[in-house]
Amino acid sequence: MTLLATQGLSKHYAGLQAVESVDFALQEGEIRALIGPNGAGKSTFVGMLCGRIPSSAGQVTFDGRDITAMPAHQRISLGMAYTFQITSVFARLDVHENVALAARRLPDSSPQRVRRRVMEALEQVGLQDRTDTLAGDLSYGHQRLLEIAMGLVQSPRLFILDEPTQGLAESEIESFKNLIKRLSSHTTILLIEHNMDVVMQTAQRITVLNFGQILAEGSPSEIRANDAVQSAYLGSG
Amino acid sequence: MDFGPHLFLAMLEGAITAAVLALTAVGLSIVFGIMRVVNVAHGEFFMLGAVLAWWIATIVGGPPALGFVMALVFAPVLTGLLAALADWLVLRRIHYDPERTILATIGLLYVIQQATLMTFGPEARPVEAPFNQRIALPWFEWGADGFALIWPWGLGTTTYKLAVIVAAVMILLALWVLMTRTRIGLIMRATQLDREMAVAHAIPVEKVYAMVFALGAGLAALGGVLTVPIQQAHYLMGGDPLLLSFIVVIIGGLGSVVGTVVAALLIGMSDGIISVFFSPTLAKILATLFVAFVLIFRPQGLFGQRAS
Amino acid sequence: MTPGGHSFLSSAPFRSVLLHGSIVLLLALLFGVLPEYHSGNLARIMVLAVYAMGYNVLFGYTGLLSLGHALFFAAGMYGLGLTMYWLDASPAPGMLAGLISALVVSAIIGSLALRTTGVAFMIVTLMFAQAGFLTILLLGEYTRGDEGFVLQQADRVLFGFDLTQPAVRYASALMLFSLCLALVAVLVQSRFGKTLVAIRENEERARMLGYDVLRHKWLAVIVSGTLSGASGAAYALLFGYAGATFATVQYSIFPLLWVLLGGAGTTIGPLIGTVFMFYLIDISSQFTSAYLLIAGIILILLTLFAPQGLAGVIRKRLIPWLP
């Protein structure tokens, strides 16, 4: 079943075509990676999916519903979660409250249940011992993990991660990959990622964006063998 | 008076308001444009100009023209120095953070105003104009004998009021030359365009900021000096210029000097006209609401371009 | 908040009740101890502290800096004042009229001003408040403009209690203060309050967690404005006077000063700030008519050196759990 789809989705900035008429479909339960050289329009594209960036033209549907005109917060309420490319946490609030803010939006958020969900999410990313630390005092890698926990706790149907492994240590990347694989049993994941190792090992399908357009789409092995991708991206990267 | 001459008189008064307002508002606009801060104490610099003018004229004595000319030179300079000091002691230390700057300049407003109350006192004090001949103005009438010039009673102005308009135009032209034709103007505009780049090119940004803040305050003080022969100096006189300058700068597009001048004309004239025909209070209500709605629905100002 | 298996005695609700309860108790006891001049001042301070608490909901907890709260204060003051003065209403319906007028005004202003952010929000609120002040002057026939009007002693009787009696007045001020303090204390511990803090800390993140940021801000403006209006109405009722002075820019700046001085984003900061500022001005006005100089100097010093205020310092150095 198609969970998320776009038709002709475009974004123009004052004469610049950031994203050009993209048709895209994401199946429920899949792990999809979105790759492409810097400036290919990846962040703009997912920004339009979750409503942070208004689109110039085209349509976005989620779970069969047209959400193009829907503001960001309503899209999130439908079951999307989003982590920012540049870490965005509540720096002056503690770790627990950061995740609790994400958890409280769910139906039935009694304090006990929120607390339980928060602890579960923090355990999944390995931050269960840091609940009282201010988010701003965490290391950069831990802040990224915290942001992932804030997404996890919402039990989203679609989890969009914008460059989640940027700045993580090798060991943290290893556990991140395992986390993604575990999650895939009950959520759909859209991953913008530069680390090819992570992409090849976690994604079931890969979409390559170049100059705001889809250059190729396929399984990791197909993408690896694709000449156009080789020359546009992998070769030069 | 009939409607026609009455309107003419209102427009004339409006033009004088507009002239002084243009000077004051351009000062506010330059500070916002280059330093990206809103100076709430701007009206107090206007007041300081007027109060210092009284002081200088009183100390100098002699013929009114001498005292006034001295005031015209020294009141803005002294006010500018004080502004530079405030910039150095306060604004620089809070790194020109927009919200904290507003708070600090509110504090500055009270300090200047209350210090003036303590020294200058609560009285309103006049400064004599250097020249002040009355000029009666003619009006035309289309009567039974055809077209005729008449001299309605009460339709007139003074040489000083006309001189204020001329002086304001000249000062604005001089400012334009300063900003576009001199090295210091170039440095100011470079700082406005790109602060980081200016720092990279070894432009002493902090000094430029102090200078800009002083220049803005000096322009407000000039407005105050020009006003004081028409309206007496008083420690609370900074409120109206502040409000009107805000209105003008916002309608003209924040930071745009040309827009500011155009808006000053528009607001000065309409303030003059509405005040004559309706109540001045109603004129101010309409102007403040207008500003609020411009900021809400057209934040780039009426004459500004929408940034993408 | 403190998650995990802490005991009830260190839980946030218990601490909150203990802290705010003791403040109310202390204020009640002070009436018996203080000489009449100071207890009169304290009654005034408690009413004004409600104004500061209202301001704090928006500034301290939501992160929105308004320069136009005098409009909400005046809406409450004139809502009560005009209905009592012209319609001969008794204090209870007068109070209701004050609250409703503040609520309506803040709902309208909020829906307009919240289309802007940052410096533009400050200026827009300032302009609306200025327009409100000028409107009071324009309608001088009804409002008596600058001069204002006095509410007769005989009319200021609430449920049989004469509000002009110092003890009754003190008790009424304390009751209003306690009620509002309790309301704010509950609010900041609630889901709504925590969402406001999230918006203050990182608006974009809050939105991308699915919160309707604009709606929360709007509700915050309404809560803040209505509390400010409650203070304005109570001020007119307890001290028997309504005038345009209370709608001037100065009265928009005062709550900002009180909250900044006392500590923004703390429940007890507004009271602390109001007490300090009130007495600073009270003392300095004995020496000079330029007593507002103190306000200016303090504002500059606070912006330069202590943006977190007195309660902020206490929270940082002594009591990290301070709500």
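**Reading the helix crossings, chain sizes and burial**

Colleague: The crossing of α11(C) and α12(C) is right-handed; what makes a crossing right-handed rather than left-handed?

Modeller: A crossing counts as right-handed if the near helix is turned clockwise from the far one by less than a right angle, and as left-handed if the turn is anticlockwise. Before going further, this is a predicted model, in which local features need pLDDT of at least 70 and side-chain atom pairs count only at pLDDT 80 or more, while totals for chains, interfaces and linings use all residues. Residues are numbered from 1 along each chain as its sequence is written, with chains lettered from A and ligands numbered from 1 in the order in which they are written. The helices (H or I, at least four residues) and strands (E, at least two) are DSSP runs, numbered from the N terminus.

Colleague: Why is α11(C) called roughly perpendicular to α12(C)?

Modeller: The axis of α11 (residues 249-262) of chain C and that of α12(C) come within 7 Å of each other and cross at roughly 110°. Roughly perpendicular covers 65 to 115 degrees, with angles under 35 counted as roughly parallel, over 145 as roughly antiparallel, and the rest as oblique; the crossing therefore makes α11(C) roughly perpendicular to α12(C). The axes themselves are lines fitted to C-alpha atoms, for helices over the stretch in contact, and the angles run from 0 to 180 degrees between N-to-C directions.

Colleague: And why are α2(C) and α12(C) called oblique?

Modeller: The axes of α2 (residues 36-61) and α12 (residues 269-284) of chain C come within 8 Å, but cross at roughly 130°. That angle lies in none of the named ranges, and the two helices are therefore oblique to each other. The crossing of α2(C) and α12(C) is right-handed too.

Colleague: Which residues of α2(C) meet α12(C), and how do you know that they do?

Modeller: Contact requires C-beta atoms, placed from the backbone, to lie within 7 Å. By that test, the residues of α2(C) that meet α12(C) include C:I45, C:L48 and C:M53, and those on the α12(C) side include C:L271, C:V275 and C:F278. By class, this contact has 9 nonpolar, 5 polar and 1 charged residues, where Ala, Val, Leu, Ile, Met, Phe, Trp, Tyr, Cys and Pro count as nonpolar, Asp, Glu, Lys and Arg as charged, and the others, Gly among them, as polar.

Colleague: What makes chain C agree with a compact globule?

Modeller: The radius of gyration is taken over C-alpha atoms, and the globule rule is 2.2 Å times the number of residues to the power 0.38. For 323 residues a compact globule would have a value near 20 Å, and the 19 Å of chain C agrees with this. Chain C has 14 helices and 4 strands, and its C-alpha trace spans about 55 × 45 × 40 Å along the principal axes. Residues 24 or more positions apart account for 75% of its contacts with a separation of 6 or more.

Colleague: How do you know that chain A is as compact as a globular protein of its length?

Modeller: Chain A, with 9 helices and 10 strands, has a radius of gyration of 18 Å, close to the 18 Å that the rule gives for 237 residues, so the description holds. Its C-alpha atoms fill a box of roughly 50 × 40 × 35 Å along the principal axes.

Colleague: Why is A:S55 called buried?

Modeller: A residue is buried if 20 or more other C-beta atoms lie within 10 Å of its own, exposed if 12 or fewer, and partly exposed in between. A:S55, in the loop between α1 (42-50) and β4 (57-62) of chain A, has 23 such atoms and is therefore buried. Beyond its neighbours within four places in sequence, A:S55 is in contact with A:L9, A:S10, A:K11, A:M48 and A:T68. Buried residues make up 47% of chain A and 53% of chain C.

Colleague: Why, then, does A:S155 count as partly exposed?

Modeller: A:S155 has 17 C-beta neighbours inside 10 Å, which falls between the two limits, so it counts as partly exposed. A:S155 lies in the loop between α5 (140-152) and β7 (158-162) of chain A, and has a positive phi of about 40° although it is not a glycine. Most residues other than glycine have a negative phi.

How values were computed. Contact = placed C-beta atoms within 7 Å.
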